[in-house]
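Q: I am new to this structure and would like a close look at a single part of it, the place where two chains meet. Please take me through it carefully.

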Amino acid sequence: MFSSSSLPIQPLCIRIIQPSNLIKRMSVTLQCPGYPEDTLRSLAERLPCRETQLATLLALMGQPDQYSYPSVFIYGHRATGKSHVVLSIMKDLELPHASVDCVECVSSGLLFHQVLSAFFGPDAAALLPRCPSLSDFVRLYKQMSSNSPATQTRYIILDRAERMRDMDFSLLPALLRLQELVNDNVTVILLSEIVWEKFRPNTGCFEPLLFHFPDYSKAELVQILSWDHHPSYTPELYASYINILLGVFFSVCRDLRELRHLAVLNFSKFCEPLEKGEAKESDIHKLWKNIEPHLQRAMQTVYLREVSSVQWEQQQMDEKEATTLRVLSAHAHIELPYYSKFLLIAAYLASFNPARTDRRFFLKSHGKIRKTNFLKKHEKTSNHLLGPKPFPLDRLMAIFYSVVDSRVAPTASVFSQISSLVTLQLLSQVGHDDQLDSPKYKCSVSLDFILAISRCVCVCVRLLDLLALSLVIQSQVVRQERSLFTAVSNLHLL
Amino acid sequence: MEMLCACVCVCVCVSVSLSLCVSVCVCVYVCVSVCVCVCLCVCVCLCMCLCVCVSVAVCVCVCARVCVCVCLSLSLSLSLCVSVCVCGCLCVCVCVWVCACVCVSLSLCVCVSLSVCVCACVCLCLSLSLSVSVCVCVSLSLCVCVCVGVFVCLCLCVCVGLSLSLCVCVCVSMCVCLCMCLCLCMCLCLCVSVCVSVSLSLSLSVCVCVCVCVCVSLSLLKMSKRRSAALTGAQGISLAQKLLRERLCHQKLPDQPVGLDSQYKHLLELLRRTAVHGESNSVLIVGPRGSGKTMLLGCVLRELMSLKEAQKNVLLVELNGLLQTDDKIALKEITRQLHLENVVGDKVFGSFAENLAFLLEALKKGDKSSSRPVLFVLDEFDLFAHHKNQTLLYNLLDVSQSAQTPVAVLGLTCRLDVLELLEKRVKSRFSHRQIHLFSSLSFAQYVDAVRAQLSLPPDFPDPKFSDDWNHSVTKLCEDKTVEEILRRNFNGSKDFRSLHSLLFLAVSRVSVSHSTLREADLIEAWRLISADSKANVLHGLSILELCLIIAMKHLNDTYDGEPFNFQMVHNEFKKFIQRKSHSIHKFEKPVVMKAFEHLLQLELVRPVDSGVCKVQREYQLMRLMLEHGQVMEALQRYPQCPTDVKQWALSAFG
């Protein structure tokens with residue numbers, strides 16, 4: 001939890017955007033011959049902060065009967081209004097278009113089907129053979145467009161175009177030069193989050209026009225988010241709320257959609273003091289103090305999707321009744337058998353410690369400690385950075401016996417617990433499954449998880465907790481090893 | 001005896017002289033009749049010519065009949081001239097003549113009446129259409145007045161009733177009756193010439209009338225056209241844009257390929273040999289993307305198809321490696337383009353082997369002289385080399401090698417090493433003719449090409465606008481900054497496609513407020529074209545993501561480009577937070593992980609091998625896909641970047 005002294009925002013710097021400013025911004029007139037003017041105006045009003053993009057896009061498209069560039073590639077971050085702007089233009093100006101989301105197209109046939117049925121009706125799409133190839137598509141398109149030639153430019157809009165790279169290798173280059181292949185006035189618009197360089201095939205292809213949708217600046221985000229203000233409160237209050245929200249989340253997330261979701265979700269909490277009559281609307285500092293920790297908590301849970309928004313609201317209701325803070329981490333709730341927990345701890349130790357150190361850590365009389373060259377050079381970089389190393393079953397069992405406080409017989413139940421840990425994916429088996437005599441495993445849980453488990457095993461495991469912690473420190477700062485070894489050996493002597 | 005001799009002599013002399021006389025008479029008559037015939041024919045022809053084309057068929061019939069009659073009479077008179085007396089002959093001739101005359105006059109009258117009717121109708125229609133189209137009352141009235149006036153004046157000479165009936169143009173039958181009466185009278189009076197002259201004058205008047213009408217309408221149309229020629233600015237711009245867009249976007253074929261003259265001639269000669277002389281051939285056109293391979297081929301084929309002997313003869317099969325992704329599809333497409341579906345019937349969808357066997361048989365059955373030459377155009381030739389066993393290429397090149405049906409195989413590719421892709425048996429059947437397209441343009445030629453690409457043609461409807469435009473284009477090309485931009489583009493690539501996209505962006509910015517191409521448009525277009533897309537993406541990252549990128553940059557610097565994993569990055573980031581940061585605050589590890597995954601999704605970071613799935617996400621090895629310079633530039637451009645983050649990025653080791 002953040003201390004309140006290092007606050008990222010100051011409530012005094014909240015700036016409220018004047019409504020007159022908004023109107024002035026929106027009244028940028030678009031000059032585009034060939035399209036009805038009032039539709040353009042309403043379009044510009046519906047797309048705030050995208051006026052320049054709208055104007056450039058309309059200029060690129062030209063008048064409906066003119067030829068447009070064969071393919072346009074529009075890229076920009078998530079929720080910067082790429083598909084919204086393009087689709088609004090298409091729908092409002094009633095241009096012939098086929099909009100396809102590439103996520104939906106598991107095969108290229110679905111894509112062809114959607115395009116043909118959008119342009120020439122479902123009858124045309126029904127003419128496609130069962131597994132249509134690109135050749136079939138182009139032939140059918142040519143045939144259809146010769147029957148009904150384009151009076152206006154036809155647009156094919158492919159959303160999330162990065163998925164097309166996984167489809168047929170020739171699909172993307174062919175679509176980029178579709179205008180030439182079908183000899184019709186058609187333009188393909190690709191929308192993606194990824195830059196064009198990642199799309200280019202080995203031998204190159206027709207280069208589309210690149211067009212970037214920049215991200216929203218903070219002021220623009222405030223302006224857009226202030227649009228959906230609550231009717232029972234003043235817009236100014238909502239704007240100040242948005243400012244507080246952005247103060248917490250802006251450095252982490254600039255995704256408009258996510259911010260909007262968070263804003264709607266937490267607004268009732270923000271208004272709580274107002275409803276109770278504890279504060280007035282002008283008392284922004286008080287409201288901020290109320291909401292700020294709540295938002296921090298939201299960042300750890302809702303933002304990470306560890307709880308659903310319904311659960312989050314539910315919990316807000318609970319909090320109202322019994323104002324107690326609860327840890328909402330999901331991975332703290334795994335219940336394991338007693339020995340399984342020890343096995344997992346042993347596996348963790350085996351994975352993250354070099355095998356050569358086992359003797360020192362787990363034997364009571366480990367002999368003389370040689371100071372020099374105790375750890376080899378490659379062992380000095382910590383496993384906590386490089387990841388777990390595989391270990392054989394024997395080593396796991398040896399460590400297991402040494403950490404379990406009571407004597408355990410090597411029965412089948414213990415071994416079956418290992419395999420159930422593998423099926424739970426807490427351990428992972430390395431190599432092939434048919435290695436029966438000496439299978440190798442790797443621990444695949446994080447330190448936090450191990451600490452949580454060790455905390456709830458028993459008193460003796462407090463020791464292990466310490467051990468694990470000391471191991472972490474040991475692995476990070478090799479220089480202090482000596483003192484640590486003594487500490488560990490002391491612990492074992494206890 | 002002498003008396004007898006003298007008598008006989010005299011007799012003979014007299015007979016000779018008589019016969020001479022008769023023969024002279026006959027000759028004179030023949031001459032006269034021929035002359036008259038010719039005159040008549042000329043008259044008729046003139047009449048026919050002057051008549052309106054609607055009645056041509058009737059006239060031709062009549063003319064033929066008259067000719068036959070005249071010919072008959074001539075031959076008759078000639079055969080009878082020796083034995084039958086001149087009078088009888090004359091009588092017959094006159095009878096025939098009169099008959100013919102009556103016939104001619106009748107038919108002529110009918111023709112004339114018909115034509116007059118039609119003419120009147122046409123006049124009315126024209127005036128109506130004019131009135132509708134022009135909608136100017138004055139012009140309409142003027143036109144009608146002129147028409148009617150001229151018409152009436154000319155027709156009054158002949159008959160007032162006729163002209164009135166014509167002008168009103170109510171009943172066709174009445175008109176016909178009148179004509180008939182008139183003609184009968186004329187026949188009785190035997191004034192054929194009058195009839196002819198009348199018909200002549202009538203047809204003349206009709207013609208004049210039509211001419212006047214046409215002239216008036218033309219002048220009116222011209223007036224309206226001239227008004228449209230003075231287009232408003234918006235229309236001019238939209239016309240110019242339409243034209244230029246077609247040139248820049250649609251890759252419309254130019255009249256002559258720029259800078260590829262020798263290749264053009266070479267290819268045309270090769271194809272002409274196949275198309276005209278039936279020589280099989282194979283050739284590869286190799287050049288980088290956008291260098292104009294397809295354009296060159298298009299120009300050559302256009303020229304080839306304009307040849308008379310090639311026009312109907314040559315069969316063209318166009319295949320594209322992008323579309324025909326395997327041999328089976330390619331074969332189907334070939335049969336379809338050769339219109340062999342009917343021959344094969346349902347076998348188009350038969351097995352591959354059947355199709356191939358059929359096609360090869362069809363191609364091998366022909367011979368050099370009688371078969372139609374087939375041109376196979378294989379776009380993206382290198383992709384065909386990836387087909388299984390290269391069956392299609394092998395067979396096509398094999399056919400082109402053996403002297404069977406004349407076949408030309410044209411491959412278009414951007415790969416210089418395309419021959420290495422071919423199997424040995426395929427390569428040996430290829431003629432090893434290659435046409436390389438490497439632009440040898442100098443910068444001055446390049447600028448000329450730019451000017452030619454941008455300027456409007458002389459037949460642009462608004463000459464003033466096109467003059468202004470062309471003038472501005474010329475001025476633009478002389479500008480220093482524009483020249484700098486063009487030079488940079490030229491140094492990047494000489495091909496026309498990148499130039500087209502640059503010019504297209506500039507042209508699309510022209511609007512009503514500024515109707516000519518300005519220097520600022522080109523600068524803006526260059527800015528859009530040359531923007532670094534990765535820098536754009538970096539600009540939109542959150543501070544946390546930017547910090548992670550800096551951490552990765554430091555790891556790259558320290559470990560000399562070795563791959564890293566999330567744990568290392570997080571460790572680096574934590575060190576920064578602990579030691580140096582004042583503005584960035586501690587984030588939970590899952591939050592950092594989410595930011596990292598966003599970078600992964602944007603493909604700014606890429607896993608070293610994605611195949612290993614058993615490794616935990618935190619320990620998967622990654623590489624940064626950004627250059628050192630890109631990160632630093634993005635940091636400079638980042639809005640409100642905290643100073644400590646900047647400092648951290650600039651420091652040498654984390």
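How many salt bridges does the rule find across the interface of chain A and chain B?

A: In this predicted model, the rule finds four salt bridges across the interface of chain A and chain B. One of them joins the side chains of Arg177(A) and Glu380(B), with a distance of 3.7 Å from N to O. Polar contacts add to this picture, since 25 residue pairs are counted between chain A and chain B, with both residues at pLDDT 80 or more.

On the side of chain A that touches chain B, several elements each supply at least two residues, among them helix H3 (51-61), helix H7 (134-147), helix H8 (171-176), helix H9 (178-182) and strand S5 (209-213); helix H13 (284-301) and helix H18 (383-386) of chain A do so as well. As for the extent of the contact, 71 residues of chain A and 65 residues of chain B take part, and the two chains bury about 6,000 Å² between them, of which 56% lies on carbon and sulfur atoms. Within the area that chain A buries against chain B, Tyr67(A), His77(A) and Leu385(A) supply 11%, more than any other three residues.

One stretch of chain A also carries a record: an unreviewed UniProt entry annotates residues 238-305 of chain A as "domain: ORC5 lid". Over those residues the chain is 75% helix and 0% strand, and the C-alpha atoms at the two ends lie 25 Å apart.

Methods: Residues numbered from 1 in each chain as written. Chains lettered and ligands numbered in written order. Predicted model: local features only at pLDDT ≥ 70, side-chain atom pairs only at ≥ 80, totals over all residues. Heavy atoms only, no water. UniProt positions renumbered as here; feature names shortened; annotations may be inferred. Helix = DSSP H or I, 4+ residues; strand = E, 2+ residues; numbered from the N terminus. Contact = heavy atoms within 4.5 Å. Buried area = accessible area lost by both parts, 1.4 Å probe. Polar contact = N/O pair within 3.5 Å; in protein donor to acceptor, adjacent residues only side chain to side chain.
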